[in-house]
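Let's take a friendly walk through a protein model together. Have the sequence and the 3D view ready as you read.

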Amino acid sequence: MLIPLKESKIVIIGLGYVGLPLAVEFAKQYRTVGYDINSVRIDALQKGHDRTLEVSDELLQSVLVKNPLELNQVGKGLLVTDAVASIGDGNIYIVTVPTPTDKHNRPVLTPMLTASEMIGRHLKKGDVVIYESTVYPGVTEEECVPVLEQFSGLKYNEDFFAGYSPERINPGDKEHTVAKILKVTSGSTPEVAEYVDQLYRSVITAGTHKAPSIKVAEAAKVIENSQRDINIAFVNELSKIFNLLNIDTNEVLEAAGTKWNFLPFKPGLVGGHCISVDPFYLAQKAQEVGYHPEIILAGRRLNDSMGKHVATETIKHMMRKDLKVIDAKVLILGFTFKEDCPDVRNTRVIDIYNELRSFDMEVDVYDPWADPAEVQHEYGIEIINGGKQPEMGQYAAVILAVAHQEFANWKIQKSEQLVVFDVKGLIGKELVDARL
């Protein structure tokens, strides 16, 4: 027997870029508990600050409650916690944990399975567990549900139920926020599918699309980013070709874009926790059933080559200007995986850095958005964060790697003593030596 939505308590596992914005939306109408294993993260959220900047301090503070008693008294709001005991009386569990890959690009389901085990220990009859993390088709019912059954002692689709509603968060995007992006939903039975759809429809102003099965919803998510990855790989390959032909790629794309059905993709580095990861999930499942995906993996290889390509092209331009390469100083502007966003997960700017360092070059990285401590922990390098603009005269090359809006106002101009490579096409063509 499903608990009526208005009487439900929602528990969200994982309060990152996906989980927190979703929790805040639910908290406006429902009793909501947000759980995360990161005590430092929880401490900051309890003080009303989201370091990812996806939720404003004002909005976060407007929904926060201090304890379970207040949550039940008010009948809505958000309790953030790292205490496992606080999730025990939930009715709807939503899993928004990361789904990364290992060093061999194989899917890592450990966070989802660990979350499932934790939920399973608290699962009751009538509860619904919804997964939002990106996976390949079959993970919810073939990998996670057995864990829920094992640790709860309950039977799937008799005692408890499942759903899948893929996240569509776009980090740093303040226009397409969680409530304004149409949501795909699904459930393990027709009744549960309608229940899950109505749950999301109550907070997603853009509406929902109810998929016919959990596997369809899982497949829809994993191909969204795979499609983007392949399209970006195509224009990245074009940029390599047009560079050899001495043609400006951006000018070609602008001309081609005058046709009504030409897709507006641009070349660049493909990092982050979605576009550069999700295709490997689909590829893994394809290989399990005996099919070797050629286009998907070819796109991944090409996009992963772009950091080295940028570094190599920069060095070529330095040599043409008779600038010393070994021991030369180079400045990289930007380190996050995308513009105006503090997320450094799986940033491909590190590929540019490592390739330049392999030529014994001295490389400075400046990024006003990235957290230096996080970069040091994840990548083992020191970056410059904030302060005044670095003095260009000390560098032989400047690589504008991330299109932070701040950089558009900087005075950067090529000279006989300075090579400027603009990865993102942020500044004028006449001011740079090269761009993708």
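**A helix and its neighbours**

Start with helix H11, which spans residues 294-304: its buried residues are Ile296, Leu297, Gly299, Arg300, Leu302 and Asn303. Keep in mind as you look that this is a predicted model. What covers those buried residues of H11? The cover includes helix H8 (214-244), helix H10 (278-288) and helix H12 (306-320).

Helix H8 is worth following further, as H8 also gives the most to the lining of the second largest pocket, with five residues. That pocket holds about 1000 Å³ of space. In total, 38 residues line the second largest pocket, and those that lie nearest its centre are Asn170, Arg228, Ile232, Ile275 and Lys338. What kinds of residues make up this lining? The lining divides into 16 nonpolar, 10 polar and 12 charged residues.

Now turn to the cysteines. A disulfide is a covalent bond between the sulfur atoms of two cysteines. How many disulfides does a search of the whole structure find? The search finds zero. Take Cys144, which is in no disulfide: the nearest cysteine sulfur belongs to Cys274 and is 17 Å away. Is Cys144 buried or exposed? Cys144 counts as buried, because its relative accessibility is 0%, and the cut-off for buried is under 20%.

Cys274 is in no disulfide either; the nearest cysteine sulfur to it, that of Cys341, is 11 Å away. With a relative accessibility of 12%, Cys274 therefore counts as buried too.

Definitions and conventions
Residues numbered from 1 in each chain as written. Predicted model: local features only at pLDDT ≥ 70, side-chain atom pairs only at ≥ 80, totals over all residues. Heavy atoms only, no water. Buried < 20%, exposed > 50% of the residue type's maximum accessible area, 1.4 Å probe, protein only. Helix = DSSP H or I, 4+ residues; strand = E, 2+ residues; numbered from the N terminus. Contact = heavy atoms within 4.5 Å. 1 Å grid on protein atoms, 1.4 Å probe; cavity = no way out; pocket = protein on both sides within 12 Å on 5 of 7 lines; lining within 4 Å. Points joined across faces, edges and corners; volume = space filled by probe spheres on them. Nonpolar A, V, L, I, M, F, W, Y, C, P; charged D, E, K, R; others polar. Disulfide = S-S within 2.5 Å.
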